[in-house]
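Got your viewer open? Let's take a short walk through this one, a stop at a time.

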Amino acid sequence: MCAGFKDQEIAVRLGVKLETVRQRRRGAMQAVDATSTAQLVSLVIKFGLI
């Protein structure tokens, strides 16, 4: 996501299903209380998780 890849591109690169990518993002968003993907990316960078 941080590199600008769309969900389908991420799924292909990781060798997982598209729904897996979406589920993982939803879980990550809940973990940091993010309301958007942009906010999620900002927070994980701020917290030093990536």
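How far apart are the mean positions of the positive and negative charges of the chain? Just 2 Å, with 8 positive and 4 negative charges going into the two means. Keep in mind that you're looking at a predicted model.

**Stop one: the whole chain.** Switch to a cartoon view and follow the chain from the N terminus: the elements run α-α-α. That makes three helices and zero strands. Now turn the C-alpha trace around; along its principal axes it spans about 25 × 20 × 15 Å. Why call that compact? A compact globule of 50 residues would have a radius of gyration near 10 Å, and the chain has 11 Å, which agrees.

**Stop two: the surface.** Turn on a surface view. The accessible surface comes to about 3,900 Å², and carbon and sulfur atoms hold 55% of it. Buried residues make up 24% of the 50 residues.

**Stop three: the core.** Hide the surface and select Met29, Val32, Ala34, Leu40, Leu43 and Val44: these six residues form the largest nonpolar core. Color helix H3, residues 37-46, and you'll see where the largest share of this core comes from, namely three residues.

**Stop four: Ala34.** Zoom in on Ala34. Leaving out residues up to four places away in sequence, it touches Met29, Gln39, Leu40 and Leu43.

**Last stop: contacts along the chain.** Zoom back out and show contacts between residues at least 6 apart in sequence; 19% of these join residues at least 24 apart.

Notes:
Residues numbered from 1 in each chain as written. Predicted model: local features only at pLDDT ≥ 70, side-chain atom pairs only at ≥ 80, totals over all residues. Heavy atoms only, no water. Helix = DSSP H or I, 4+ residues; strand = E, 2+ residues; numbered from the N terminus. Rg over C-alpha atoms; globule rule 2.2 N^0.38 Å. Buried < 20%, exposed > 50% of the residue type's maximum accessible area, 1.4 Å probe, protein only. Contact = heavy atoms within 4.5 Å. Areas by Shrake-Rupley, 256 points an atom, 1.4 Å probe, with all protein chains shown as cover. Lys, Arg positive; Asp, Glu negative; His and termini not counted. Charge placed at Lys NZ, Arg CZ, Asp CG, Glu CD. Core = buried A, V, L, I, M, F, W, Y, C linked by side-chain atoms within 4.5 Å.
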